[in-house]
Amino acid sequence: MTEGVLLYCFDTPQVSYSKITDRCISLIERNLDLPVTVITDADTKGRIKSNCDTRVIDVDKGNTKFSKPWYNLERHLAFDHSPYDRTVVMDVDYFCYSDKILRLLQSENDFLVHKSAHDVLHREEMRYDREAMLDLVWATVLIFDKTPRTRAIFDTVKLVKQNYVHYCNLYRITYKNFRNDYAFAIALNQINGHREYDVIPDSIATVPADAEILELNDNGAVIRYKDKTISLQDQDLHFLNKEVANV
Amino acid sequence: MNIDQLKKISRQSFDINLQKANALKKAESDQILVYENHIFRADAETICFVRTASEGKDSFFMLDSNSNPVCITEPTDFLELLLQRNQSALNTYHQLYQNTKNRKV
């Protein structure tokens, strides 16, 4: 059975995702030792320096976040895009400083996702109980096998994407821009008969957008928020501050 | 003590608790163990259950972290792996905690 990591990378006028991808891939090589396939567009492809499998697609550029371009509309195609039997799809700003993903790949679960995340500054709970009528999942990292059931999950995400306004109304989702986290939450909820589903049991350590990234090294990051300097080592980190491309 | 000193102590306590909270979250991630294709947390509760359930038995049943049932047929091996993973995670947590404490004034 083949295993590998699938990344989506599309540079925007504001953010050099190709630079972030290069760093992400170097950590995958170092800590997971898995093959990597990058789905990208023609413009971005030339800027990715890592030696990896790249596939060019026509990207759907319809979405925005905080009024800036946000190219996040391709993830529902991961089932078709992945050349692997067992795939890890992750955001390029999720940096693997540990072997956690490798451990999770040994499980028999055909679809795994995180249901919880925490702010490393512990300022606020990253919970969205009041933002929708169903629990959010974090599509930051997805682990899936190619099975009829996971095909059904991705097909449902596709359906949710096509009718997102309807599903927002149905589940009373307050955030109206398309968000993969909600699309996968809805798909998992529906395919699992509106019952619980298997999840990754820990929480994603999230570096918030307003934390300054002072240093990135092979083992982790040093960040600063106001007068606080925090060192985070040997644990996977999800960076919301896209300045991570320039550190 | 004046108000500035009190504020300084408060800020230091906040920083120490923040470092501790992050180290604990890291320890929880480090405790994830996959055995016989099932996901477990190598925490005190799991270890105590495995030790108790395996006493005088060659196999026993338990639940993984998603409440799926598993038949454990090699309890000694499983317990050993749980302890290794647990102690490795807590050893790191202990080191981070000591570093944080040592920075305390």
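Q: When are two residues in contact here?
A: Two residues are in contact if their C-beta atoms, placed from the backbone, lie within 7 Å. The model is a predicted one.

Q: With that, how much of the contacts in chain A with a separation of 6 or more comes from residues 24 or more positions apart?
A: Such pairs make up 72% of the contacts in chain A that have a separation of 6 or more.

Q: How many helices and strands in chain A?
A: Chain A has seven helices and 15 strands. Its radius of gyration is 17 Å, and the globule rule gives 18 Å for 247 residues, so chain A is as compact as a globular protein of that length.

Q: What does the C-alpha trace span along its principal axes?
A: For chain A, about 45 × 40 × 35 Å.

Q: And what percentage of the residues count as buried?
A: In chain A, 38% of the 247 residues count as buried.

Q: Sheets next. What's the order of strands in the six-stranded open one?
A: In chain A the order is β3-β2-β1-β6-β10-β8, with mixed pairing. Strands β3 and β8 (111-114) of chain A are at the edges with a single partner strand each, so one side of each has no neighbour in the sheet. On average, neighbouring strands of this sheet are turned by 20° against each other, direction ignored.

Q: β1 and β2 of chain A: parallel or antiparallel?
A: Parallel, over five bridges, between β1 (residues 3-9) and β2 (residues 36-40) of chain A. Within that pair, Leu6(A) has Thr37(A) in β2(A) as its bridge partner.

Q: Back to the edge. Where is Thr54(A)?
A: Thr54(A) belongs to strand β3 (residues 53-56) of chain A.

Q: Why does Thr54(A) count as partly exposed?
A: Because Thr54(A) has 18 C-beta neighbours inside 10 Å, and a residue needs 20 or more to be buried and 12 or fewer to be exposed.

Q: What does Thr54(A) touch?
A: Leaving out residues up to four places away in sequence, Thr54(A) touches Val38(A), Thr40(A), Lys45(A) and Ile48(A). Thr40(A) is 14 residues from Thr54(A) in sequence, and their C-alpha atoms are 6.9 Å apart.

Q: Any hairpins to look at? How many residues sit between β12(A) and β13(A)?
A: Three residues lie between β12(A) and β13(A), which form a hairpin. Strand β12 (residues 212-216) and strand β13 (residues 220-225) of chain A pair in the antiparallel sense over four bridges. Ile213(A) stands opposite Ile223(A) in β13(A).

Q: Switching to helices. How many residues in α7 of chain A?
A: Helix α7 (residues 180-191) of chain A has 12 residues, and it reaches 16 Å from first C-alpha to last, close to the 16 Å expected at 1.5 Å a residue. Just after α7(A), Gly193(A) takes a positive phi of about 65°.

Q: Which residues of α7(A) are buried?
A: Asn180(A), Tyr182(A), Ala183(A), Phe184(A), Ala185(A), Ile186(A), Ala187(A) and Leu188(A) are buried.

Q: What do they pack against?
A: The buried residues of α7(A) pack against β8, β10 (138-145), α5 (148-162) and α6 (164-170) of chain A.

Q: Last topic, chain B. How many residues does the contact take from each chain?
A: The contact takes 21 residues from chain A and 16 from chain B. On the chain A side, the elements giving two or more residues are α4 (100-105) and β14 (228-233).

Q: What's the make-up of that side by class?
A: The side of chain A that touches chain B has eight nonpolar, seven polar and six charged residues.

Note on methods
Residues are numbered from 1 along each chain as its sequence is written. Chains are lettered from A and ligands numbered from 1 in the order in which they are written. This is a predicted model: local features need pLDDT of at least 70, side-chain atom pairs count only at pLDDT 80 or more; totals for chains, interfaces and linings use all residues. Two strands pair if DSSP finds at least two bridges between them. Ala, Val, Leu, Ile, Met, Phe, Trp, Tyr, Cys and Pro count as nonpolar, Asp, Glu, Lys and Arg as charged, and the others, Gly among them, as polar. Axes are lines fitted to C-alpha atoms, for helices over the stretch in contact, and angles run from 0 to 180 degrees between N-to-C directions. The expected span of a helix is 1.5 Å times one less than its number of residues. The radius of gyration is taken over C-alpha atoms; the globule rule is 2.2 Å times the number of residues to the power 0.38.
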